[in-house]
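Student: I am new to this one. Please show me the sequence and the structure, and then we can go through some questions.

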2 protein chains.
Amino acid sequence: MVETTRRREIEDVASSLFRERGYSGTSVRDIARALDIQGASLYAHVASKQDVLWAIVDRMATRFEAAADAALEVADAEPDADPGTRLAALVRAHVGVITDDVERASVFVHEWRSLSTERRAEIGRRRDDYERRVRTLIAEGSATGTFTEVDPVVAAAYLLTAINGIVSWYRPDGRVRPETLADAYADIALRSVSP
Amino acid sequence: MVETTRRREIEDVASSLFRERGYSGTSVRDIARALDIQGASLYAHVASKQDVLWAIVDRMATRFEAAADAALEVADAEPDADPGTRLAALVRAHVGVITDDVERASVFVHEWRSLSTERRAEIGRRRDDYERRVRTLIAEGSATGTFTEVDPVVAAAYLLTAINGIVSWYRPDGRVRPETLADAYADIALRSVSP
DNA sequence: CCTACCGATCGGTAGG
DNA sequence: CCTACCGATCGGTAGG
């Protein structure tokens, strides 16, 4: 599957450039240059610049969804599963997806606005669904007294923008280890809704 | 000062477009069209597209700095000034600057990367200074036992990305009132570092 | 603030 | 994956 690895290389390079300069600020030639091929040659592998963006964003959306599903499933399997455990598991999973691939994660967080109208709408829906899960989780914790009384909409916005904000500063070769970060963020998040 | 108001109109329109489509995704003609003038006519008022971006970003940087200064000064004047009061005041001030002008704030948060090398470096320094103040505040609270023991770097990153994240979802005509938001955010922020 | 215009670059296609 | 090429648009200038 030469085709597949080349596509992946293109996505890697594009993610990195999109993160640095944005989708509009990155030309097809920029991507090609990073791969040591001619601009027009890129079209042997992709249909359009837009398709590259879509591949990155769609893949990451799926990854976030899957990670949340898996984390909540595990958390629910534990005998002492409460909203706190669930929220911590969700945060840890979300942070893990980001640190595992900051470049694509950054494109997902910031560049989905450059998607074509329909694709943008789809991602908008999926983001809404995801955010709704977080809100529900917080609302449940609030209702049972595990969490303090907060506006779930505001608290979820605070939480999600904080976590997604990792894409703006995290570097894999930096001082902060992924595991440490996941723990610290789960900790802060939990404390921020504690009574 | 006709010149000044026209410049302000240009900045208003540019902020709105830069927020929606990004600096690279916005053309000089887009800005001109929103003002009902010809693309080239814009150059009667501004030297370059880059200068418009700089005007917006520089103005907002100054506003954030001034708001933080004022808030901390007031907080320190109170007899029971402790790190908690100071942090709450800082958060409220920061949120206030954002809700007061989400469009420019959004450009400040997201588009400063499109600044020319030197200007980008200057804003980088000023952002670092600002972030350092937040870290110090958190570290002081940690040391005196007002706050829990946290990594000030990680906690400050969490806090600042959460607050700046307001630019990604806040709408002046939305459900959430600016004052309510400032209170709620100060509350969550304080709780997130409480023992 | 306008018209007329500039060279450079854009995303993408044709045809190998 | 390359060369050659396309029309459209880019930021910006000259000269009123």
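**Contacts with DNA and helix packing**

Tutor: Start with B:H45: a polar side-chain atom of this residue lies 3.5 Å from a phosphate oxygen of DNA strand C. A polar contact here is a pair of N or O atoms within 3.5 Å; within protein, one must be able to donate a hydrogen and the other to accept it, and residues adjacent in sequence count only if both atoms are side-chain atoms. This is a predicted model, where local features need pLDDT of at least 70, side-chain atom pairs count only at pLDDT 80 or more, and totals for chains, interfaces and linings use all residues. Residues are numbered from 1 along each chain as its sequence is written, chains are lettered from A and ligands numbered from 1 in the order in which they are written, and side-chain values use heavy atoms, leaving out hydrogens and water.

Student: How far is a backbone N or O atom of A:K49 from a phosphate oxygen of DNA strand C?

Tutor: Chain A reaches this strand too. The side chain of A:S27 has an N or O atom 3.4 Å from a phosphate oxygen of DNA strand C. For A:K49, a backbone N or O atom does it, and the distance is 2.9 Å.

Student: Which residues come nearest to DNA strand C?

Tutor: A residue is near a strand if one of its heavy atoms lies within 4 Å of it. There are 16 residues around DNA strand C. The nearest are A:R29, B:R6, B:Q38, B:S41 and B:A44.

Student: What share of the atoms of DNA strand D within 4 Å of the protein is sugar and phosphate?

Tutor: DNA strand D is surrounded by 16 residues, with A:R6, A:S41, A:A44, B:R29 and B:Y43 the closest. Of the strand's atoms within 4 Å of the protein, sugar and phosphate make up 53%.

Student: How far is a polar side-chain atom of B:Y43 from a phosphate oxygen of DNA strand D?

Tutor: Backbone atoms touch this strand as well. One such N or O atom, in A:Q38, lies 2.8 Å from a phosphate oxygen of DNA strand D. For B:Y43, the polar atom is in the side chain, and the distance is 2.8 Å.

Student: At what angle do helix 6 and helix 7 of chain A pack?

Tutor: Two packed helices are described by the angle between their axes and the distance between the axes. Helix 6 of chain A spans residues 117–144 and helix 7 of chain A spans residues 152–164. Their axes are 9 Å apart, and the angle is about 120 degrees.

Conventions: Axes fitted to C-alpha atoms, helices over the stretch in contact; angles between N-to-C directions. Helix = DSSP H or I, 4+ residues; strand = E, 2+ residues; numbered from the N terminus.
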